[in-house]
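Here are some short exercises to work through with the model open beside you. Try each task before you read its solution.

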Amino acid sequence: MDCVFCKIVTGEIPADILYQDDEIIAFRDINPLAPTHLLIIPRKHIPSLARLSEADSPLVGNMVNAANQLAKREGVAEGGYRLVLNCGKQGGQLVPHLHMHLLGGRQLSNALG
Ligand code: 5GP
Ligand code: ZN
């Protein structure tokens, strides 16, 4: 499958991987929008939030938990951070493999869209 994040999972495309377990990996965004900008993704190809099933609930919990741990490790937990899941074209999703953004390390805008 021609999916950039699947290729990061297999190692075909290099990435700065900060965390991995049997279900998810986390790595730095190639085009950071904040001093800390990480992506947390499932290893399996799920195209978007809209394609999650109820059975994937533990996976999403794992992603949020990993993001919280990484925020601490990156030193942004105390100052505050943002988790973002873009879904679909109008939601601003460019890469069609589910991913959670972790942004922190500067004052983020209050505007959401
Ligand atoms: P989206 O707009 O789909 O929510 O965000 C996709 C994100 O993936 C963007 O922030 C973009 O910079 C990041 N990205 C796209 N291609 C690559 C890549 O090859 N490596 C890494 N590390 N990040 C990527
Ligand atoms: Zn994929």
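**Exercise 1.** Find the element that holds Ala71, and decide whether Ala71 is buried or exposed.

*Solution.* Begin with the secondary structure of this predicted model: Ala71 belongs to helix α2, which covers residues 57-74. Next, take its relative accessibility, which is 0%. Buried means under 20%, so Ala71 counts as buried. Finally, look for a partner from elsewhere in the chain: His37 is 34 residues away in sequence, and the two C-alpha atoms are 9.9 Å apart.

**Exercise 2.** Place Gly80 and Asp22 in their loops, then classify each by its relative accessible area.

*Solution.* Take Gly80 to start with. This glycine sits in the loop that runs between α2 and β4. Its relative accessibility is 33%, and the partly exposed class lies between 20% and 50%, so Gly80 counts as partly exposed. Across the fold, Gly80 and Gly104 have C-alpha atoms 6.6 Å apart, with their positions 24 residues apart in sequence.

Now turn to Asp22, in the loop between β1 (17-20) and β2. Its relative accessible area is 72%. Exposed means over 50%, so Asp22 is exposed. Pro42 lies 20 residues from Asp22 along the chain, and their C-alpha atoms are separated by 9.2 Å.

**Exercise 3.** Gly92 and Gln93 both need a label: which is buried and which is partly exposed? Then work out what the side chain of Gln93 reaches.

*Solution.* Step one is location: Gly92 is in the loop between β4 and β5, and Gln93 lies in the loop between β4 (81-84) and β5 (100-104). Step two is accessibility. Gly92 has a relative accessible area of 40%, so this residue is partly exposed. Gln93 has 12%, and therefore counts as buried.

Step three is to follow the side chain of Gln93. One contact is with the backbone oxygen of Pro47, at 3.0 Å. Another is with the backbone nitrogen of Gly88, at 2.8 Å. As a last check on Gly92, locate Gly113: the two are 21 residues apart in sequence, with 9.4 Å from C-alpha to C-alpha.

**Exercise 4.** Describe the surroundings of ligand 1: how many residues surround it, and what kinds of residue make up the shell?

*Solution.* Count the shell before anything else: 17 residues surround ligand 1, and the closest are Asp29, Asn86, Leu94, His99 and His101. Sort the shell by character, and you get eight nonpolar, seven polar and two charged residues. Then ask where they come from. At least two residues each are supplied by α1 (4-10), β2 (24-28) and β3 (36-42). The most come from α1, which gives three.

**Exercise 5.** Which protein atoms lie 2.9 Å or 2.7 Å from an oxygen atom of ligand 1, and how much of the ligand does the protein bury?

*Solution.* Start with the side chains. Asn86 places a polar side-chain atom 2.9 Å from an oxygen atom of ligand 1, and His99 places one 2.7 Å from an oxygen atom of the ligand. Then check the backbone: an N or O atom of Val95 lies 2.9 Å from an oxygen atom of ligand 1. To finish, look at the area. On its own, ligand 1 exposes 520 Å², and the protein buries 83% of that. The space that ligand 1 takes is the largest pocket.

Note on methods
Residues are numbered from 1 along each chain as its sequence is written. Chains are lettered from A and ligands numbered from 1 in the order in which they are written. This is a predicted model: local features need pLDDT of at least 70, side-chain atom pairs count only at pLDDT 80 or more; totals for chains, interfaces and linings use all residues. Side-chain values use heavy atoms; hydrogens and water are left out. A polar contact is a pair of N or O atoms within 3.5 Å; within protein, one must be able to donate a hydrogen and the other to accept it, and residues adjacent in sequence count only if both atoms are side-chain atoms. Accessible areas come from the Shrake-Rupley method with a 1.4 Å probe; for residues, only the protein chains shown count as cover. On a 1 Å grid over the protein atoms alone, a cavity is a set of points where a 1.4 Å probe fits but cannot get out, and a pocket is an open set with protein on both sides within 12 Å along at least five of seven lines; lining residues have an atom within 4 Å of a point. A molecule sits in a cavity or pocket if more than half of its atoms lie within 2 Å of its grid points. Helices (H or I, at least four residues) and strands (E, at least two) are DSSP runs, numbered from the N terminus. Ala, Val, Leu, Ile, Met, Phe, Trp, Tyr, Cys and Pro count as nonpolar, Asp, Glu, Lys and Arg as charged, and the others, Gly among them, as polar. Buried means under 20% relative accessible area, exposed over 50%, partly exposed in between (1.4 Å probe, protein chains only).
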